[in-house]
Amino acid sequence: MATKEKLKTKAARLREEARETGKVVFRAPALVRTAECAIRFLLGALLAGAEIFGGYAPFALGLVGASGSGLDGFCALLGACFGYLTMQGFAEGLRYTAACILAFSVAFAFFDVKAYKKTWFMPVAAAAMDGITGFVYLSDQGWTKENLVFFGTELLLCGASVYFYRIAFTPWTEKREEEGLTPRQTVSLLLLAGTLMLTLANLTLPGQLSVGRLTAALAVMATASQGGIGVGATVGVAAGLAMDLAAGGMPFYSMAYALSGVMAGAFHRQGRLAAALSYVLTNGLAVLWTWQEGLHIALLYEVFIASVIFLVLPQKALRQVGALVAPQPRQDTRERAMAYVRDRLEETAGAFKELYQSMRATLRPGRPNDGDAAVVFDRAADRVCKRCALQASCWQRDYVSTFNALNDALPAMLDRGKGEGGDFPAYFANRCVKFPEFLAAANEEVSALLYRRQYRSRLQENRAAVCRQYGELAQVLGAAAAELGAELVPDPVREKRLRQYLAAQGIECQLAAYYDEAGHLRLELEGAGLSPLRQKEGVEKLSKLVNFPLRVVEGERRDKLVLVQSEPLMAVAGAACRRKDGQMISGDTGAWFKHDDGALYVLLCDGMGSGRLAQRESALAVRLLEQFLKAGVRPENALQTISAALALRGEEEIGFTTVDLLRVDLFTGEAAVYKYGAAPTYVKKGTGVSRLTGASLPAGLAGGEGGAPDVSQLRLEAGDWVLLVTDGVTGGGPDQWVRDQMTAFSGGSPRELAEALLEESQRQVGAADDRTALVIKLTRR
């Protein structure tokens, strides 16, 4: 009855503890729970045979102490008692059996004591129980210095095994907060595996071949071939220590396994055969180096057999080993952020270079400019009066009267653009013997002066536009600098999960998993053999692995793969276009693309006029805008930069075009419409259609005056429609029919709606201009 009450109290205590800590208590299925108990039993039985120093076996006792007082601890106790009594003999086994029972009793009795939850409690308790039973047993044999050292080491190893075994079982017993094993869990599992090898080391085959040493050699060979030098050395030292403890001699196996693991890891990239040969040869040298201590011939046979098994192992099994020992390099977030922004700045520089090349052919260096009005008559006198007989009289003796006459005539000449005889005083016109020639020369100089002034004005406008370009460039680089300072948050959990998956697939590459400034997951892989991951099946597997929908960002490099988090919204686009009557080419140009940050851009430009020249201007605006937007430049900066550039082109050519730009964030639905002289945009939500207009001039005219585009903010959802049109669709007249047709449209294809609108436009306004309709429909992915 007391036992039942205690079990009820313990169960109640565990439930209360779960409520207080907020942890979820998982009840495993009966089959899984039975398997866990069986594993505890088998481990206890096997660890009971792990002897050190020729008769000390504290590791099964350590497992009992680490398993606690529940069903796991009881199964470990049964396995340990069975193993000690069958492997150690009755007298020796009874001592450890008694220690195991005492350790389990302490855990059962003190489970509800606060000290029991401390990490040191059970290691100390198990070591104390081992010390009590060992003291009684060893006192009968007599105490020697050697016994004291070995007994003290056993107590230390007993407490350490409790501590590390408990950590090794935490992936079973506790809910993990991160994927994969922590370094402490990895070390603890290696120690558990090493102590199990102590038991296997005592299991021999004909010819004194040890199953434990053969298994250790195979383990070192496999891990070194997959993980490299560091992993080979680590596993080699762990396996060697286990074998040395089992043998109770000098640390020969530690040297042999560690050195062989290092050499096999050094050749792990040269293939399986090279790794096996380097291991076998190095192990042979280690045996020869210890000639004076006695040849370990059995080790040579064990290593040879292990190498044969290693060579015939399935590649899939080795990949699984590689996934477990794959190195986990620490990612420098700052370095990754700088590389990310560096790519953006390089793309921006490419966009500005394209802009420069398009402008270089238009801008020409001007000749020297002279805008002083006084030079008009000076140059006319040089051409006419130089050979006149009255030169000295007019320009020396009567210089003041001549100067006054010319000053009186000049304002009227500049206002009219040319001079007439009545502009000059009679005393000057009657006295001048070459007055008609002088007037003609003066008119030529007035025309030249006015042209020079016009040129200077245009030059000042151009310089102001270039200054505005520098201002836009400063804003672009400022935004890039802010992006450089933004913290990109790494995701080591998903990165480790991906690294293990890639290692299991035999793909070696550099990997980074992090969240961009908008908080969206981004994966960057660089290396060979990435083609399978670009396929639909490969992307779906990676999406399931990281628990995020992913899509591939297309790039030019085959050895680099970038995947970004896929958006919850998707857009279906449709377009229709009709040329102006009598024209072979439409002056309208449209485009749409999706940025890797999840933003959808839709562009529609209408070049002034029609035909090839209008098409060239609109295509140039679309191409430059697309390049700027793909480089990460904000739409406002990109639009004002392009508008200023088109204004400069307008010096020699048309250079004007309307711009309609729609940006939609497919993660949130936030959208904006930017307009430079463009026709209205129509948005359909449910059965209602709204109209977005602007008052700015076309790009090239607005840019020359430094004007900003019209911006309309809105929020879109799945099921919404957006229509962008050029002004030829409505002809500048009433557009109620456009809204009516959008409201009445019941089809599901944007292309059908665009075609229907242009057919109705033909009936409403005819084909006096180019007509283009771009329709976007948002849907849930």
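**A walk through the chain**

Let's start with Asn547, which is exposed, with a relative accessible area of 60%. The cut-off for calling a residue exposed is over 50%, so Asn547 qualifies with its 60%. Keep in mind that what you're looking at is a predicted model. You'll find Asn547 in the loop between helix 24 (536–546) and strand 6 (550–553). There's something else to spot here: the phi of Asn547 is near 65°, which is a positive value in a residue other than glycine.

Now zoom out. How many helices and strands does the chain have? Its secondary structure comes to 28 helices and 17 strands. The chain has 781 residues, and buried ones make up 46% of them. What about contacts between residues at least 6 apart in sequence? Of those, 69% join residues that are at least 24 apart.

Next stop: helix 3, which covers residues 59–67. Is this helix enclosed or open? Here 9 of the 9 residues are buried, so helix 3 is largely enclosed by the rest of the structure. If you want to click through them, the buried residues are Phe59, Ala60, Leu61, Gly62, Leu63, Val64, Gly65, Ala66 and Ser67. Right after the helix comes Gly68, and its phi is positive too, near 80°.

Step back to the loop between helix 2 and helix 3, where Pro58 sits. Is Pro58 buried or exposed? Its relative accessibility is 0%, so Pro58 counts as buried. Which residues does Pro58 touch, leaving aside its neighbours within four places in sequence? They are Tyr84, Tyr96, Asp130, Glu154, Leu157, Cys158 and Ser161. Here's a nice case of folding at work: Pro58 and Gly159 are 101 residues apart in sequence, yet their C-alpha atoms are 9.0 Å apart in space.

That loop has another residue worth a look, Tyr56. Tyr56 is buried, with a relative accessible area of 8%. To see what its ring is up to, start with the wider count: a search of the whole structure finds 16 aromatic pairs. One of these pairs is Tyr56 with Phe150, and it is edge-to-face, with 6.0 Å from centre to centre and 70° between the planes. Why does this pair tie together parts that are 94 residues apart in sequence? Because Tyr56 lies in the loop between helix 2 (30–47) and helix 3, while Phe150 lies in helix 7 (residues 145–168). Elsewhere, ring pairs link Phe110, Tyr116, Trp120 and Phe121 into a cluster.

On to how helices sit against each other. Two packed helices are described by the angle between their axes and the distance between the axes. Take helix 10 and helix 12 (residues 252–266): they pack at an angle of about 30°, and their axes are 8 Å apart. That makes helix 10 roughly parallel to helix 12, since angles under 35 degrees count that way. The crossing of these two, helix 10 and helix 12, is right-handed. On the helix 10 side, Arg213, Ala216, Ala217, Val220 and Ala224 meet Tyr253, Tyr257, Gly261, Ala264 and Gly265 from helix 12. Sort the residues of this contact by type and you get 7 nonpolar, 2 polar and 1 charged.

Helix 10 (residues 211–227) also packs against helix 13 (residues 272–289), this time at an angle of about 135°, with the axes 10 Å apart. That makes helix 10 oblique to helix 13. The crossing of helix 10 and helix 13 is right-handed. In this contact, Ala217, Val220, Met221 and Ser225 in helix 10 meet Ala275, Ala276 and Tyr279 in helix 13. These residues divide into 6 nonpolar, 1 polar and no charged. Look back at the lists and you'll find Ala217 and Val220 in the contact with helix 12 and again in the contact with helix 13.

Our last stop is Glu760, found in helix 28 (residues 750–765). Is Glu760 buried or exposed? At 16% relative accessibility, Glu760 counts as buried, because the cut-off for buried is under 20%. Not counting residues up to four places away in sequence, Glu760 touches Trp737 and Gln741. Gln741 is 19 residues from Glu760 along the chain, and their C-alpha atoms are separated by 8.8 Å.

Key. Residues are numbered from 1 along each chain as its sequence is written. This is a predicted model: local features need pLDDT of at least 70, side-chain atom pairs count only at pLDDT 80 or more; totals for chains, interfaces and linings use all residues. Side-chain values use heavy atoms; hydrogens and water are left out. Buried means under 20% relative accessible area, exposed over 50%, partly exposed in between (1.4 Å probe, protein chains only). Helices (H or I, at least four residues) and strands (E, at least two) are DSSP runs, numbered from the N terminus. Axes are lines fitted to C-alpha atoms, for helices over the stretch in contact, and angles run from 0 to 180 degrees between N-to-C directions. Angles under 35 degrees count as roughly parallel, over 145 as roughly antiparallel, 65 to 115 as roughly perpendicular and the rest as oblique. A crossing is left-handed if the near helix is turned anticlockwise from the far one by less than a right angle, and right-handed if clockwise. Contact means heavy atoms within 4.5 Å. Ala, Val, Leu, Ile, Met, Phe, Trp, Tyr, Cys and Pro count as nonpolar, Asp, Glu, Lys and Arg as charged, and the others, Gly among them, as polar. Rings of Phe, Tyr and Trp (its six-membered ring) pair if their centres lie within 6.5 Å; planes under 30 degrees apart count as stacked, over 60 as edge-to-face and the rest as tilted.
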